[in-house]
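Grab a pencil and have a look at the structure below. We'll work through a few exercises together, one step at a time.

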Amino acid sequence: MSAPSPTPPRHDILRLRVTAKDADTLLALLRETRPDTGGRPHVEPDGRISIDAYVPDDRVAGLEREGVSVTRIGNASEAGRAAQAEVGTGDRFAPADAVPHGLAAKLAG
Amino acid sequence: MPYLNITEVESALTSLATAYPTTSHLLTLPEPSIEGRTAHALQIGAPAGTPRACVMMIGGVHAREWGSCEILVHLAADLLEAHQNGTGLGYGGTTFTADQVGGLLQRLDLVFFPLVNPDGRLHSQTVDPMWRKNRDPANSGGSADPNCVGVDLNRNYDFLFDFATAFAPTATPQVSASPCDPQVYAGPSAFSEPETRNVRWLLDQYPRTGWFVDVHSYSEDMLYNWGDDDNQSIDPTMNFGNAQYDGKRGLPGDVAYAEYIPKTDADNAALLAERFCQGVGGVRGRPYKPLTGFHLYPTSGTSDDYVFSRHFVDGDQGKVLGFTVEWGTAFHPPWAEMRNIVLDVDAGLVAFCLATT
């Protein structure tokens, strides 16, 4: 009996800043490549328009084309894994007197 | 204090309801999630003999936008504690007096539903941090592709759900009919998912809801209606329900279509969004912007447009202005920064609530 095929490793997701020369170019890119986007389109002072895209590292080249520049901002998968280490374990509100207090300063009067 | 896991979001609400029995009420949502989890909401307000206007706030819809739950849990905790002890609230440079806090809880019911999508949050916090959808496998067709699991809950509401018919062929709506789209699959039908049906149920329980805020990330914006096209307040017949405009929606800056919004609603929504941003900005200067949801490309099936559309579809429904907070500049900021964002956004939400009339 053959061993089951291993699940192929998933590529890390990179956070990219995609900057197009104009809105039409960016819209065409979004239509054709349908990347996972984060945030909203941002118009640069020189009229170019940019948006964050989250793309597996093996698909970055597919975004590159005339009128578009792609800048690597970071490794989103790596940042996410680091954040997972900051998730609570157990239940900090299980004790009867453990009530959430909020983060605001409570100001007299 | 690190990010809350899904058990802690629920136990935080239970704990608040127990600690503040006269000013809070725990609500159990009727439908368990796909993986069988029961969700809760918390209504807060001073005891009242008559029904009051309501502000409803939801979060934890997109799994990877973790801080949304913390924003709402901490806000509820701040308001309850300040009201009970007769104190004001200080969020950096934005402060509120005890009279303002007390007045808020006298005048309004505030309903917090901080974790709409518990299955997705668990998956994001323990397996795939970039996961966005719920965990519904029903439409995967048996595919082994992990992307074929899940529905984007903020495309699953009944607003222009048939986006292929509603929008112009050259529009670029951020939505998909493909069950294997990793991010924005809208589901097989509007309200196909228990999580969105829970939100609809909650709205039905509070018919005096006048304002609805869905907390997301990111972009440091406060979005208001509409998200399918530019706004216009001239032609009431040019609206989302008019099939005559099918195939024309969703293009920026054109004359073929713009979504109708009564001018008073547009003005009120813009003012409230501005007040939110002012509240945020006072904390430590983050420049949140008030914008309509339509900016370059359209959306459909979103909560904010659905809640506002209900009144136009059925005149018996109260009018609910819909808003979407897009906090921060990343999905998973380190907790030290997320803590600052909680202060920013909670200040904005208190300012927002104070501006409702």
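Here are four exercises with worked solutions, all based on a predicted model.

**Exercise 1.** Work out which strands stand at the edges of the open eight-stranded sheet in chain B.

*Solution.* Start with the strand order, which goes β1-β2-β6-β3-β7-β12-β8-β11 in chain B, with mixed pairing. Now look for strands with a single partner: these are β1 (24-28) and β11 (289-292) of chain B, so each has one side without a neighbour in the sheet. As an extra, you can check the twist: neighbouring strands are turned by 20° against each other on average, ignoring direction.

**Exercise 2.** Find out in which sense β8(B) and β11(B) pair, and which helices pack on this sheet.

*Solution.* First, a reminder: strands of a sheet pair through backbone hydrogen bonds, either parallel or antiparallel. Strand β8 (residues 221-224) of chain B pairs with β11(B) in the parallel sense, over four bridges. To spot this in the model, look for B:Met222, which sits opposite B:Pro290 in β11(B). Next come the helices. Lying across β8, β11 and β12 (321-327) of chain B is helix α7 (residues 263-284), which runs at about 165° to β8(B). Helix α9 (residues 335-355) of chain B packs on the sheet too, touching β3, β6, β7 and β12 of chain B, and its direction makes about 160° with that of β12(B).

**Exercise 3.** Describe how α2(B) and α9(B) cross: are they parallel, perpendicular or oblique?

*Solution.* Take the axes first: they come within 9 Å and cross at roughly 55°. An angle of 65 to 115 degrees would count as roughly perpendicular and one under 35 degrees as roughly parallel, and the two helices are therefore oblique to each other. The crossing of α2(B) past α9(B) is right-handed. Among the contact residues you'll find B:Ile71 and B:Leu75 from α2(B), plus B:Val342 and B:Val345 from α9(B). Sorted by kind, the contact has seven nonpolar, two polar and three charged residues.

**Exercise 4.** Say which element of chain B gives the largest share of the side that touches chain A.

*Solution.* Begin with the totals: chain B puts 47 residues into the contact and chain A puts in 37. On the chain B side, the elements giving two or more residues are α1, α2, β4, α4 and α9. The largest share comes from α2(B), with eight residues. That whole side splits into 24 nonpolar, 17 polar and six charged residues. Strands join across the chains as well: β5 (residues 105-108) of chain A runs antiparallel to β4(B), with four bridges between them. One pair to look for is A:Leu107 with its bridge partner B:Gly88.

Definitions and conventions
Residues are numbered from 1 along each chain as its sequence is written. Chains are lettered from A and ligands numbered from 1 in the order in which they are written. This is a predicted model: local features need pLDDT of at least 70, side-chain atom pairs count only at pLDDT 80 or more; totals for chains, interfaces and linings use all residues. Two strands pair if DSSP finds at least two bridges between them. Axes are lines fitted to C-alpha atoms, for helices over the stretch in contact, and angles run from 0 to 180 degrees between N-to-C directions. Two residues are in contact if their C-beta atoms, placed from the backbone, lie within 7 Å. Ala, Val, Leu, Ile, Met, Phe, Trp, Tyr, Cys and Pro count as nonpolar, Asp, Glu, Lys and Arg as charged, and the others, Gly among them, as polar. Angles under 35 degrees count as roughly parallel, over 145 as roughly antiparallel, 65 to 115 as roughly perpendicular and the rest as oblique. A crossing is left-handed if the near helix is turned anticlockwise from the far one by less than a right angle, and right-handed if clockwise.
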